[in-house]
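Colleague: I'd like a close look at one part of this fold, starting from a single side chain and following its surroundings outward. Please walk me through it with the cut-offs, so that I can reproduce your picture.

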Amino acid sequence: MTDMIWSFAPWMVFLAGVRVGNVYWGAGIGAVVAIVVLARALSRHKAHLFDYVGVVYFIGMLVLLAILEPHNIATWGRYAQAVAHGSLCVIVFASVLINRPFTEGYAREQAPKEIWNSPAFRAFNRKISAIWGLAFLLGTVSMVLAGATDSRQILLRVIIPFGALAAAFTYSEREGAAAKEPQKVSRQGS
């Protein structure tokens, strides 16, 4: 799961960067961290979907901002976090729909190769990815609401979205540990 945390690091610094600075600052720091994360992943021969997506997303955002030169940068800043969160939500659910759940690459690093193509392994990763998708969906809705109001910003921009992601992470860890238990039993019985 450490690699998953690395993969999400550019998105986390972007979310913080937009709040501390502005959308340009957030996208810039997100791009730098995304490049570092991708370089790290490639050097270890363990690049995942979000390692690539982060670089493309944040560099693309910087290019888009440079071309459009938005006059109302405050509005962009109010909704930039929701758009980033929503993008992750779409990518996660799309990975489930095409039967290539984003968690599968991370799970393969921990699971024996013999089970990678099993229906149970695929179903397990669809379930875990769907939980992550729901967490991103909840966070997206929360951040859209935060953009539309000036009240409850800590609740809507931090507690709900990051709480949902923490719950998805905890659920993934717990279910992953539980899934390993039958493998230990079956290996001991052999």
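Modeller: Happy to! Let's start at glutamate 104, which is buried, with a relative accessible area of 2% (buried means under 20% relative accessible area, exposed over 50% and partly exposed in between, with a 1.4 Å probe and protein chains only). Before going on: this is a predicted model, in which local features need pLDDT of at least 70 and side-chain atom pairs count only at pLDDT 80 or more, while totals for chains, interfaces and linings use all residues. Residues are numbered from 1 along each chain as its sequence is written, and side-chain values use heavy atoms, with hydrogens and water left out.

Glutamate 104 belongs to helix α5 (helices are DSSP runs of H or I with at least four residues, strands runs of E with at least two, numbered from the N terminus). Apart from neighbours within four places in sequence, glutamate 104 has Phe121, Arg122 and Asn125 in contact, contact being heavy atoms within 4.5 Å.

Phe121 also leads to alanine 111, which touches both Trp116 and Phe121 once residues up to four places away in sequence are set aside. Alanine 111 sits in the loop between α5 and α6 and is buried, with 17% relative accessible area. Its C-alpha is 8.0 Å from that of lysine 180, although 69 residues separate the two in sequence.

Now for the rings. The structure holds 12 aromatic pairs (rings of Phe, Tyr and Trp, the last by its six-membered ring, pair if their centres lie within 6.5 Å; planes under 30 degrees apart are stacked, over 60 edge-to-face, and the rest tilted). One is the edge-to-face pair of tyrosine 57 and phenylalanine 58, at 5.1 Å centre to centre and 85° between the planes. Both tyrosine 57 and phenylalanine 58 are buried. Another edge-to-face pair joins phenylalanine 102 and tryptophan 132, at 6.2 Å centre to centre with 90° between the planes. Phenylalanine 102 lies in the loop between α4 and α5 and tryptophan 132 in helix α6 (residues 119-148), so this pair ties together parts 30 residues apart in sequence. Phenylalanine 102 is buried at 5% relative accessible area, and tryptophan 132 is buried at 3%. These two rings belong to one aromatic cluster with Phe8, Phe50, Tyr106 and Phe136.

Phe50 brings us to α3, where the buried residues are Phe50, Asp51, Val53, Gly54, Val55, Tyr57, Phe58, Met61 and Leu65. Their cover includes α1 (2-20), α2 (23-43), α4 (73-97) and α5 (103-108), which takes us back to the helix of glutamate 104. Helix α3 (residues 49-68) has 20 residues and reaches 28 Å from first C-alpha to last, close to the 28 Å expected at 1.5 Å a residue, with the expected span taken as 1.5 Å times one less than the number of residues. Just after α3 comes glutamate 69, with a positive phi near 40°.

One of the helices covering α3, namely α2, has 21 residues and spans 30 Å from first C-alpha to last, close to the 30 Å expected. Its buried residues include Gly26, Ala27, Gly30, Ala31 and Ala34, and α1, α3 and α4 are among what covers the buried residues of α2.

Finally, α3 also holds isoleucine 67, which is exposed, with a relative accessible area of 65%.
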